[in-house]
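Please work through the exercises below with the sequence and the model side by side. Each task is followed by a solution that goes step by step.

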Amino acid sequence: MLPAAPYLADPARHAERLSRGAFKRYRHIRYLSDLIAGDVARGGARRIIETPPQVGKSTLFSQALPAWLLDILPTRRVLCVSYAQDLAARSVRKVRNDMTEPENASILRVRLGKQTEEFFETTVGGYFKASGIGGGITGFGFSDVIFDDPYAGPEEAFSEAHRRKVEEAFQAVILTRLSRGANVWIVQTRWHADDLPGKLQAAGGWDVTRLPAFAEDDDPLGRAPGEALCPELHTAEEWRALRDGPNGDGKNAMFPALWAALFGARPLREGSGLFNRSWVPVIDAPPALHSSRVRYWDLAASKTRAGRAKSLDRDFAVGTLEMKTREERYVVEHVERLRGTAQDVDDAIIRCATMDGRGVPIVVEKEPGSNGEMYASYLTRRLAGWSVTFKPSTGAKETRFRPFAAQAQAGNVSIVRGAWNAPWFDELEVAFAGGAHDDQADSAAGAFAELCGGSAWPWISPPGSSSILERLAPPSPDEDAPRPDPRRRAPAPPGGAIPMGYGIHAGRR
């Protein structure tokens, strides 16, 4: 049984007494402290605690909890693990200093024996030890383990190799050192869906306590939906400014996926939240004046040109018409998207070229190998009179898309109203987060890179490099003629197939 004295009932009360009121028992701290006391009374706890950053979780679990445990049960053997040895050792030093403070001698029931920077023991055989990930704990056994923030930041959390290292250290080193009935608490601000808490939750057998920044339905603290976690530390207005931007308009806001993970305890996968439709206004018509335009075609990865009649199995071919305005803003004018035979794709490219006019250069993703060379020669002949270039795609898709997403978040991208808008938004918001397709994201990123001079990051283009736009001859005489409405289809070429593009057939997926 746990001691009956009020300040010994749970770690938060104990810390408040030792600190003479400096430790604050906020509502969520009281709730978590009660959970801890129940876990210790029952034994064998396996609990994951997910909270936003800077709400006192480490102070409660890595400092208040060990001091309380060793005061009421001085034979307990406690381990604190963190991403860095120094961080865990800091908790050991803080607890040791509190427990050896002369003014606390009349409060504490425990007495300390051997002490180092990373370890101390009680006079009756209990101890508190610090360790980093993969640190040496050979020769020790533990009745209580606190795993406090296994990842230093996004670089580690998004590294598959480091996530595996953390998981292996937890399973092979820590779990093998537990005594019967041991308690394990994992306390973390979430980063990634497949981090250690995510893996353990998927496997089952763990109690999960989620305390998001803003309350959801059935909040464990009894908060009303939307109520902030701890206004004494962070007001709702302060957190909204992070989530929605200082002016509440989404500009200079935190990426949605980052907010969902850190402050909502709902981490998504890589690439999720790179794009948000709220960043991009829909306009009725493109600006009359522009700096440059381009139609970029991302060809379906699964197609084959052999025989020229095989179907495109899964991915779509997508042609994105984009404009760079004289104010250096970007407008997505039209998106053609289809899944069909190779002939269907060729006909769509030619039809869009006719619709766009000869003054709009065409850039086509180049397939590797001899097939790519043959197709480039074939399509160039069919596009006689247009400026057409074939370029291989290089680098990770997500990396290529990020510059376009950054401009969208900054409010520099708009799209022309059309039937293709909703499916385009739907895909871009989940393109790199497990979505079924990313072709429209690839095409938008490719067109943007061309408008920036052939590099997704225009300010780091190699010296002397140029895009197709920079190599263009002066506009043809018909450039000043009225442009066809990109939302309307031109008639299909004689005998040509009409693909299932967004203009007439496609709807929301």
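**Exercise 1.** At what angle do helix α6 and helix α7 pack, and how far apart are their axes?

*Solution.* Keep in mind that this is a predicted model. Begin by finding α6 at residues 160-174 and α7 at residues 196-203, and then compare their axes, which lie 9 Å apart and make an angle of about 60°. Angles under 35 degrees count as roughly parallel, those over 145 as roughly antiparallel and those from 65 to 115 as roughly perpendicular, with the rest called oblique; α6 and α7 are therefore oblique to each other. Next, look at the side of α6 that carries Val-166, Glu-167 and Phe-170, since these residues meet Leu-196, Lys-199 and Leu-200 in α7. Sorted by class, this contact of α6 with α7 holds four nonpolar and two charged residues, and no polar ones.

**Exercise 2.** Trace the open sheet that is formed by eight strands, and state which strands stand at its edges.

*Solution.* Following the sheet across gives the order β3-β4-β5-β2-β6-β7-β1-β8, with mixed pairing. The edges are held by β3 (112-115) and β8 (207-210), each of which has a single partner strand, so one side of each is left without a neighbour in the sheet. On average, and with direction ignored, neighbouring strands of this sheet are turned by 20° against each other. Within the sheet, β2 (residues 77-82) pairs with β6 (residues 142-148) in the parallel sense over four bridges, and Val-81 has Phe-147 in β6 as its bridge partner.

**Exercise 3.** Which strands does helix α3 lie across, and which does helix α2 lie across?

*Solution.* Take α3 (residues 57-72), which lies across β1, β2, β4, β5, β6 and β7 and runs at about 165° to β6. Then turn to α2 (residues 27-42), which lies across β1, β7 and β8, and which runs at about 165° to β7.

**Exercise 4.** Describe the surroundings of strand β12, beginning with how many of its residues are buried.

*Solution.* Strand β12 covers residues 330-338, and nine of its nine residues are buried. One partner is β11 (residues 317-324), which runs antiparallel to β12 and is joined to it by eight bridges; here Lys-324 stands opposite Tyr-330. The hairpin of β11 and β12 has five residues between the strands, and in this hairpin Glu-328 takes a positive phi near 60°. Strand β15 (residues 413-416) is also joined to β12, by three bridges and in parallel, with Ile-415 in β15 as the bridge partner of Val-332.

Notes:
Residues numbered from 1 in each chain as written. Predicted model: local features only at pLDDT ≥ 70, side-chain atom pairs only at ≥ 80, totals over all residues. Heavy atoms only, no water. Axes fitted to C-alpha atoms, helices over the stretch in contact; angles between N-to-C directions. Helix = DSSP H or I, 4+ residues; strand = E, 2+ residues; numbered from the N terminus. Contact = heavy atoms within 4.5 Å. Nonpolar A, V, L, I, M, F, W, Y, C, P; charged D, E, K, R; others polar. Pairing = 2+ DSSP bridges. Buried < 20%, exposed > 50% of the residue type's maximum accessible area, 1.4 Å probe, protein only.
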